[in-house]
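Dear colleague,

Please find below the structure that I am handing over to you, with its sequence. An account of what was found in it follows.

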Amino acid sequence: QTLGITTIQQLATYKFFHLARAIDTLSTTEERPNGRLDGTLMNIDNGVDKAYEHLYLCDILEAPVSALEGISEEKGNVWNDLGCKTVKDLAHWKYARWADAIVTASKFEQGGG
């Protein structure tokens, strides 16, 4: 309850799970040494704490979950207790992935419209 997630729908649409997953996916396209250049039109600076804005995406993945802008240290500790120590852990957390899959599949249930 500290996380504000009480339903499968809320977990499936949890913005920090989606941000972590986006960082994970996009990190595979990042080229070193250039990485995240200052002034690029698309970046995730508003999604991470100031201290992490200059890092490569693959380095952000190894940062604690609390590196995501809006996750307090207290909520970070809750995620830690759930087994999500890093942004990458959250991106791959099986329960969030299952919730996302359930919600997506439910859109195709017979008679579900």
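**Findings**

Leaving aside neighbours within four places in sequence, Ser66 is in contact with Asp49, Ile71, Ser72, Glu73 and Gly76. Ser66 is found in the loop between α3, residues 57-61, and α4, residues 73-81. Because its relative accessible area is 18%, and buried means under 20%, Ser66 counts as buried.

Before going further, please note that this is a predicted model. The mean pLDDT of the protein is 89, and 88% of its residues reach 70 or more. Among the elements, helix α5 (residues 87-91) has the highest mean pLDDT, 98, and α3 has the lowest, 93. As a general caution, predicted coordinates should not be read in detail where pLDDT is low.

**The protein as a whole**

The protein has six helices and zero strands, so that its pattern, read along the sequence, is α-α-α-α-α-α. Of its 113 residues, 35% are buried. The accessible surface comes to about 7,400 Å², and carbon and sulfur atoms account for 52% of that surface. Among contacts between residues at least 6 apart in sequence, 52% join residues at least 24 apart.

**Helices α2 and α6**

Two packed helices are described by the angle between their axes and the distance between the axes. For helix α2 (residues 15-27) and helix α6 (residues 94-106), the axes come within 11 Å and cross at roughly 105°. Angles of 65 to 115 degrees count as roughly perpendicular, and α2 and α6 are therefore roughly perpendicular to each other.

Which residues meet here in α2 and α6? From α2 come Phe17, His18 and Arg21, and from α6 come Ala96, Arg97 and Asp100. The residues of this contact divide into two nonpolar, one polar and three charged.

His92 lies in the loop between α5 and α6. Its C-alpha atom is 7.3 Å in space from that of Arg21, although the two residues are 71 apart in sequence. Not counting neighbours within four places in sequence, His92 is in contact with Asp24 and Arg97. Arg21 and Arg97 are both among the residues that meet between α2 and α6. Is His92 buried, exposed or partly exposed? With a relative accessible area of 38%, His92 is partly exposed.

**Two further residues**

Val78 has its place in helix α4. Where its neighbours within four places in sequence are left aside, Val78 is in contact with Thr2 and Leu3. Val78 and Leu3 are 75 residues apart along the chain, and their C-alpha atoms are separated by 7.8 Å. The relative accessible area of Val78 is 24%, which means that Val78 is partly exposed.

Glu62, like Ser66, belongs to the loop between α3 and α4. Residues up to four places away in sequence not being counted, Glu62 touches Thr86 and Lys88. The C-alpha atoms of Glu62 and Asp89 are separated by 8.6 Å, with the two positions 27 residues apart along the chain as the stated separation. Asp89 falls within the range of helix α5, residues 87-91.

With kind regards

Methods: Residues are numbered from 1 along each chain as its sequence is written. This is a predicted model: local features need pLDDT of at least 70, side-chain atom pairs count only at pLDDT 80 or more; totals for chains, interfaces and linings use all residues. Side-chain values use heavy atoms; hydrogens and water are left out. Axes are lines fitted to C-alpha atoms, for helices over the stretch in contact, and angles run from 0 to 180 degrees between N-to-C directions. Helices (H or I, at least four residues) and strands (E, at least two) are DSSP runs, numbered from the N terminus. Angles under 35 degrees count as roughly parallel, over 145 as roughly antiparallel, 65 to 115 as roughly perpendicular and the rest as oblique. Contact means heavy atoms within 4.5 Å. Ala, Val, Leu, Ile, Met, Phe, Trp, Tyr, Cys and Pro count as nonpolar, Asp, Glu, Lys and Arg as charged, and the others, Gly among them, as polar. Buried means under 20% relative accessible area, exposed over 50%, partly exposed in between (1.4 Å probe, protein chains only). pLDDT is the predictor's confidence in each residue, from 0 to 100. Accessible areas come from the Shrake-Rupley method with a 1.4 Å probe; for residues, only the protein chains shown count as cover.
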